[in-house]
Amino acid sequence: MLAVDKGNGDYLYRQVIDLIAENIETGTLKPGDRLPSLRRMSKRIGVSVPTVRQAYVELERQRRVESRPQSGFYVRGVKLNDIVRPAPRFRRNAKPSLVRGRSLMDRVYEGLYQPGVVPLGIANPCMARPAAKALNRAMKRVMSRAEDRSLAYAPTIGEPGLRRQIAFRQLDTLGSRVDPDDICITNGAQEALLLALRCVAQKGDVIAVESPTYHGLLELIDSLGMLAIEVETCPEEGVMLDALRKTLDTHPVRVCMFSTTLCNPLGVSMPEEKRRELAEIIDQRDIVLIEDDVYGELLFDGHRPKPVEAYSRSGRVMTCGSFSKTAAPGYRIGWLLSGQYRDKVNRLKRSYSCSSGLLQQLTLAEFMAGGDYDRYLKSLRPVLQTNAERMRGLVAEHFPRQTRTSKPVGGSVLWVELPESVDSEELFEAAISAGISIAPGSIFSPCRRYRNFARLSFGHQWSDDIDAAVGWLGKKVRQMQ
Ligand SMILES: Cc1ncc(COP(=O)(O)O)c(C=O)c1O
């Protein structure tokens, strides 16, 4: 029952946490049971006393155990919530629709930048462990070497050194060969999504999206006068391919825009065999897939699945990436793997924004070349995993029992299903007045379903303010029930 594997590369204290958590979840350890003393546990599983202590303290932060003075650590009575269900009451006859709820999105964005707000409404994984020092050092080196050049325009498709680094990382982490000239550097993934969509679709076209999906994508579809149709997802595999086939049979879909790795807000990843199947669907039908892979590097286990593009033979797949989630959102550097659409994408890039910031591109290339990026990601993932567990623990403790949550396998957001009678738009307004921002569920759907859902971000350097904010939200939800 109790064993750690010193050779498996995971931090030992994390393995101790997993061992105990598993024993609590399976009922081997029951509420009120005392955990073995630090020394006893250390002997039993062959790790040091400080490592066991680190694990126990972390479990205490996650609300799984509590320490009692002079006595030890005891299992608490809080049971984690059930996992969210596939989209409830999903209308099978859903029709393509214009995106609604723009004014609500305005309010959500305004709220994020209100001074002193606890920002649970924004997906900002790298802020859980900011890479400021290493990036600043890289930027200084670049500035001392490049001087005048660092002020210049970058080439439209981006600095060659950065494009080479991205191509190398694709090869190194995914085994995929990408021609650096097929990479267009963009102003964040948001511009990559825009270029890709403008390249293959026009006003009035129907775009299939996951339900729920990233609200920025819905705003983009709306701003281009296109229509969105939602495809059902499930919390284990993401977009459901049978539902997708039905949608394609009944609607003139031009483009699918999916995040197969850690879709936002569900935080789920599509298994490999489903990726192959999705590639086949794209290849067989005359449609394009725009794959949003901004979270690909942020699975807690560090395993980066191949994007669907790797399985497609038709080449009708474009993949978007970004450093916003993995290094510095403020740098506004993302990219698009444009493949066969390269010339059109590059022309669109020139006409929309000429090029992206050169200094940021040179800095990121330097950050990657020296191995700092890889080291940074290795240190970020366990922090995010710990934060995810803390957030789930807090929700289980403070929210009503019927609340369900996602069980993210990476990234920085928790998708929370509130009791049916609770309107998360009202919760959002009340929370903003109390200095807490959340993302209400309805902004993740073009026709404002998910009224009783909310997305909470755990991409933060943890503080007591977060504990207090989640506690406040739980109390409010209980009142609103
Ligand atoms: C799924 C998804 N795609 C794209 C973006 C936009 O990324 P960027 O900041 O690089 O433009 C976000 C940001 O939240 C996102 O969650």
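This passage walks through a predicted model, taking in two helices, the ligand site and a few single residues.

Helix α3 makes a handy starting point. It runs over residues 49-61, which gives 13 residues. From its first C-alpha to its last, α3 reaches 18 Å, close to the 18 Å expected at 1.5 Å a residue. Some of its residues are tucked away: T51, V52, A55, Y56, E58 and L59 are buried. These residues cover an arc of only 160 degrees around the axis, which puts them on the same side of α3. As for what lies over them, the cover includes three helices, α1 (12-25), α2 (38-45) and α13 (372-398), along with the strands β1 (65-68) and β2 (72-75). Just past the end of α3 comes R63, whose phi is positive, at about 70 degrees.

Two of the helices that help cover α3, α1 and α2, are joined by a loop, and that loop is where G27 sits. G27 has 22% relative accessibility and so counts as partly exposed, given that the buried class stops under 20%. Set against S211, G27 is 184 residues away in sequence, and the two C-alpha atoms are 34 Å apart in space.

Helix α7 (residues 188-200) also has 13 residues, and its end C-alpha atoms are 19 Å apart; that agrees with the 18 Å such a helix should span at 1.5 Å a residue. How much of α7 is buried? The count is 11 of its 13 residues, so α7 is largely enclosed by the rest of the structure. The buried set starts with G188 and A189, carries on with E191, A192, L193, L194, L195, A196 and L197, and finishes with C199 and V200.

The start of α7 brings the ligand into the picture, as G188, A189 and Q190 are among the residues that surround the ligand. The rest of that surrounding group is made up of Y214, N264, D292, V294, Y295, S322, S324, K325 and R332. Three polar contacts can be picked out here. Q190 uses its backbone, with an N or O atom 2.9 Å from an oxygen atom of the ligand. N264 uses its side chain instead, placing a polar atom 2.8 Å from a ligand oxygen. Y295 also brings in its side chain, where an N or O atom is 2.8 Å from an oxygen atom of the ligand. On its own the ligand has 400 Å² of accessible area, and the protein covers 91% of it.

Two serines round off the tour. S457 belongs to strand β17 (residues 453-457), and with 0% relative accessibility it counts as buried. Its side chain reaches the backbone oxygen of I122 at 2.8 Å. Leaving aside residues up to four places away in sequence, S457 touches P119, L120, I122, A123, N124, M391, S412 and V413. One of these, M391, falls within the span of α13 (372-398), the helix already met as part of the cover over α3.

S355, by contrast, lies in a loop, the one between α11 (342-353) and α12 (358-369). Its relative accessibility is 12%, so S355 counts as buried. A polar atom of the S355 side chain lies 3.2 Å from the backbone oxygen of A154. With residues up to four places away in sequence again left out, the residues touched by S355 are Y153, A154, P155, T156, N187 and K349.

Terms used:
Residues are numbered from 1 along each chain as its sequence is written. This is a predicted model: local features need pLDDT of at least 70, side-chain atom pairs count only at pLDDT 80 or more; totals for chains, interfaces and linings use all residues. Side-chain values use heavy atoms; hydrogens and water are left out. Helices (H or I, at least four residues) and strands (E, at least two) are DSSP runs, numbered from the N terminus. The expected span of a helix is 1.5 Å times one less than its number of residues. Buried means under 20% relative accessible area, exposed over 50%, partly exposed in between (1.4 Å probe, protein chains only). The arc is that of the directions from the helix axis to the C-beta atoms. Contact means heavy atoms within 4.5 Å. A residue is near a molecule or strand if one of its heavy atoms lies within 4 Å of it. A polar contact is a pair of N or O atoms within 3.5 Å; within protein, one must be able to donate a hydrogen and the other to accept it, and residues adjacent in sequence count only if both atoms are side-chain atoms. Accessible areas come from the Shrake-Rupley method with a 1.4 Å probe; for residues, only the protein chains shown count as cover.
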